[in-house]
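Okay, thanks everyone, let me put this one up on the screen. I'd like to talk through how the chains meet, and then say a bit about a sheet.

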Number of protein chains: 4
Amino acid sequence: MTYPRESTGLLLVDPYNDFLSEGGKLHGLAKPVADAVGTLDNLRKVVAAARKAGIQLFYVPHHRARPDDLKSWKYPSPYQIGAARAQVFAAGTWGGEWHPDFQPQAGDVLVHEHWGGSGFANTDLDYQLKQHGVQQVILVGMLANTCIESTGRFAAELGYHVTLVRDATAAFSPEAMHAAHELNGPTYAHAILTTEDVLTAIGP
Amino acid sequence: MTYPRESTGLLLVDPYNDFLSEGGKLHGLAKPVADAVGTLDNLRKVVAAARKAGIQLFYVPHHRARPDDLKSWKYPSPYQIGAARAQVFAAGTWGGEWHPDFQPQAGDVLVHEHWGGSGFANTDLDYQLKQHGVQQVILVGMLANTCIESTGRFAAELGYHVTLVRDATAAFSPEAMHAAHELNGPTYAHAILTTEDVLTAIGP
Amino acid sequence: MTYPRESTGLLLVDPYNDFLSEGGKLHGLAKPVADAVGTLDNLRKVVAAARKAGIQLFYVPHHRARPDDLKSWKYPSPYQIGAARAQVFAAGTWGGEWHPDFQPQAGDVLVHEHWGGSGFANTDLDYQLKQHGVQQVILVGMLANTCIESTGRFAAELGYHVTLVRDATAAFSPEAMHAAHELNGPTYAHAILTTEDVLTAIGP
Amino acid sequence: MTYPRESTGLLLVDPYNDFLSEGGKLHGLAKPVADAVGTLDNLRKVVAAARKAGIQLFYVPHHRARPDDLKSWKYPSPYQIGAARAQVFAAGTWGGEWHPDFQPQAGDVLVHEHWGGSGFANTDLDYQLKQHGVQQVILVGMLANTCIESTGRFAAELGYHVTLVRDATAAFSPEAMHAAHELNGPTYAHAILTTEDVLTAIGP
């Protein structure tokens with residue numbers, strides 16, 4: 001698997017405190033799997049390696065909750081209703097800020113926030129990828145079977161070469177990880193790698 | 001859950017002989033789960049009930065394979081390459097025809113063929129739903145964790161109310177069914193029902 | 001032409017000071033046509049009538065310029081380059097604020113900013129319309145042959161019923177207005193009305 | 001302007017007999033402008049030059065009319081209703097066949113038919129472009145202010161580099177041509193060339 005610097009993009013999905021930091025609203029739910037596979041450290045390695053290799057970074061953020069979200073909507077999903085109730089990634093709060101180790105740097109692209117699971121849906125991600133000449137995307141971040149999987153499925157349908165990184169993500173259960181990487185990933189992704197594989201491919 | 005006749009659509013995904021008929025190329029792979037949950041009979045029931053209730057039917061077909069598919073493509077996925085090699089749902093063959101019990105009738109909408117998993121991607125499905133005033137979609141057909149799930153994830157991102165029917169679909173393994181309906185479905189779908197539930201809601 | 005309250009949306013495109021207020025960067029260019037057709041007053045009337053009728057308002061804003069926009073882009077268009085150079089609708093400036101008479105009110109939907117001409121492209125407009133049950137859109141704002149026309153062409157392709165309002169918009173020349181409403185509008189729009197027509201249809 | 005062979009695509013829009021051949025349903029309407037600018041001969045030159053240069057061709061076809069089209073639609077536009085009534089580009093008829101000089105050749109991509117004006121809307125054009133590595137599109141065919149313009153506006157919003165060719169298209173009036181190339185084209189396109197310019201750029 002080769003990742004030409006000028007046509008590869010690293011999609012960093014939802015590196016929020018609520019997911020990645022002690023005390024975050026969803027941190028406890030993801031922690032067992034994250035600790036088991038070493039998510040946080042692997043994310044640090046992949047992001048650092050991508051920066052070093054000159055691969056463009058795209059922040060792909062979930063909608064930051066606001067108190068009056070969904071109020072006038074016809075069809076919010078139960079999942080969206082739950083997230084709104086818990087005010088996950090709440091706008092203007094610590095939980096909706098980036099984890100300290102994943103602060104955007106000059107030149108990073110911050111994509112519009114997405115309302116559901118896919119970073120492409122209702123955002124400028126596809127446009128920004130094209131404007132940067134990206135044809136291959138490497139997906140890391142949270143969670144393997146929700147935002148990463150939806151973003152990956154959309155990327156494949158949009159014609160991108162899609163790489164999942166099985167230990168630079170996490171989920172709320174081992175079986176959700178298994179579903180993402182063993183059952184579903186192989187039906188749409190072009191490559192399912194480890195962090196080690198990625199570092200080998202793009203340089204450490 | 002209510003399904004107003006005029007704003008509900010039934011999406012019938014890939015009711016091909018290759019999936020649903022004895023001798024079909026993928027029939028054997030899906031048969032254990034399909035037999036266990038009664039897929040074929042439930043599909044018959046849901047389709048008949050929808051027709052009787054005056055709910056609009058949309059055929060959502062996967063691309064029918066042709067010998068020279070993908071030849072000039074940069075990034076066909078391994079899954080697409082495998083399907084092309086096996087010429088699944090081959091154009092002009094029995095495997096790519098509709099199962100005899102699911103022949104389109106006058107007034108049904110035949111959506112453009114999709115290249116990947118989502119019936120929305122690169123097709124006129126969203127347009128046809130809008131042109132028919134559909135705001136809620138009920139998804140049935142094959143397979144639970146591939147085309148149904150991708151179509152459902154897209155439908156949710158597009159703003160539709162999404163209903164999965166857990167026994168009017170199938171998969172290549174029980175754990176893939178489990179992943180579709182217990183792990184992933186609840187993160188994007190609005191309702192996950194049984195055929196019996198659907199018949200109760202729209203009339204038998 | 002009828003506009004049911006619950007399935008109609010008013011799309012208010014780019015009501016920025018830079019377009020609509022004395023001293024705005026593009027105000028002078030639009031002023032001759034705007035004065036001739038009474039754009040500002042007609043916008044006030046349509047917006048007030050829509051609010052009174054209980055029709056949902058959607059703000060459809062162009063990207064607010066930032067100094068480092070487009071820097072890393074492969075294919076910014078000449079038009080985008082010009083707008084970036086002039087910092088039209090600059091973020092954090094008066095020019096990029098709403099005209100005083102078109103301040104959003106509680107319950108209005110603020111759509112993501114768009115990068116080009118279409119309010120649908122790379123934004124959540126289609127999603128928000130669906131989440132509010134909107135099937136018919138009335139387009140007002142600036143400019144007739146650029147953002148309004150692109151948004152209208154996209155709306156039609158997405159399956160919406162599209163209404164243009166010929167005197168609740170403006171352009172940089174009378175011939176651009178003519179092109180928008182006499183040459184191109186009739187090839188995609190469902191209705192091309194006057195403000196007076198709209199007031200009659202939805203109530204003054 | 002440079003057009004690298006491997007990242008450029010020629011989009012050939014609606015080269016149907018109904019547009020381009022004597023006796024076609026829309027031929028008479030387009031003939032005055034087409035004769036004046038030499039549309040047919042320029043299309044021949046551009047297509048030949050693209051083939052010779054190894055630039056990928058994409059056929060971008062409008063929906064071929066069928067007698068029962070639009071019957072169940074909520075919001076067909078007046079333009080679509082007119083085209084359906086006249087059965088323009090009727091399926092299975094001479095009018096809906098390619099002009100004899102523009103027969104697809106092995107390796108050409110035939111995109112799904114579009115329902116409105118944009119070759120991207122509800123089709124696999126964006127997907128096919130990505131699968132062929134195309135980042136720059138050259139648009140030729142019919143008509144300048146309808147399908148070419150809608151396809152061009154969409155292409156720009158999708159992040160492509162867009163080139164219009166002012167004498168390899170036509171319209172129903174000189175003012176519609178003027179609107180397409182002088183008023184609107186410059187607001188979204190990256191280049192507006194002549195056939196001669198294109199031949200110089202890609203080789204004759």
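One bit of vocabulary before we start: I'll call two strands paired if DSSP finds at least two bridges between them. And keep in mind that what you're looking at is a predicted model.

So, the sheet, and I'll take it in chain C. Six strands make an open sheet there, in the order β3-β2-β1-β4-β5-β6, with parallel pairing. At the edges you have β3 (109–110) and β6 (191–193) of chain C, each with a single partner strand, so one side of each has no neighbour in the sheet. If you want to look at that β6 edge, strand β5 (residues 161–170) of chain C is joined to β6(C) by three bridges, and the two run parallel. To find the spot on the screen, go to C:L164, whose bridge partner in β6(C) is C:I192.

Right, on to the interfaces. Let's start with chain B against chain A. How much area do chain B and chain A bury between them? It's about 2,700 Å², and 51% of that is on carbon and sulfur atoms. On chain B's side, B:Y75, B:R153 and B:E157 supply 27% of the area buried against chain A, more than any other three residues. In terms of who takes part, the contact uses 33 residues from chain B and 33 residues from chain A.

Now the polar side of that. Chain B and chain A have two salt bridges between them. One of B's big three turns up here too: B:R153 meets A:E149, side chain to side chain, in a salt bridge at 3.3 Å, N to O. On top of that, 20 residue pairs are in polar contact across the interface of chain B and chain A, counting pairs with both residues at pLDDT 80 or more.

Which helices are doing this? On the side of chain B that touches chain A, α4 (78–86), α6 (147–157) and α7 (174–188) of chain B each supply at least two residues. The largest share is from α7(B), with nine residues. By residue type, that side of chain B splits into twelve nonpolar, 16 polar and five charged.

What about symmetry? A turn of 180° with a shift of 0.0 Å along the axis lays chain B on chain A with an RMSD of 0.0 Å. The two copies are therefore related as by a two-fold rotation axis. The residue of chain B that comes closest to that axis is B:A179, at 3.0 Å by C-alpha. And 100% of the interface residues of chain B are also interface residues in chain A, so the copies meet through the same surface.

Okay, next neighbour: chain D. Here 18 residues of chain B are in contact with 18 residues of chain D. The buried area is about 1,600 Å², with 46% from carbon and sulfur atoms. In chain B, the residues that lose the most area to chain D are B:N122, B:Y127 and B:Q131, together 36% of what that side buries.

How many salt bridges are there between chain B and chain D? Zero. There are polar contacts, though: 14 residue pairs, again with both at pLDDT 80 or more. Helix α5 (residues 125–131) of chain B gives the largest share of the side that touches chain D, four residues. That side of chain B divides into five nonpolar, nine polar and four charged residues.

That's my tour, happy to take questions.

Terms used. Residues numbered from 1 in each chain as written. Chains lettered and ligands numbered in written order. Predicted model: local features only at pLDDT ≥ 70, side-chain atom pairs only at ≥ 80, totals over all residues. Heavy atoms only, no water. Contact = heavy atoms within 4.5 Å. Buried area = accessible area lost by both parts, 1.4 Å probe. Salt bridge = Lys/Arg side-chain N within 4 Å of Asp/Glu carboxyl O. Polar contact = N/O pair within 3.5 Å; in protein donor to acceptor, adjacent residues only side chain to side chain. Nonpolar A, V, L, I, M, F, W, Y, C, P; charged D, E, K, R; others polar. Least-squares fit on C-alpha atoms with pLDDT ≥ 70 in both.
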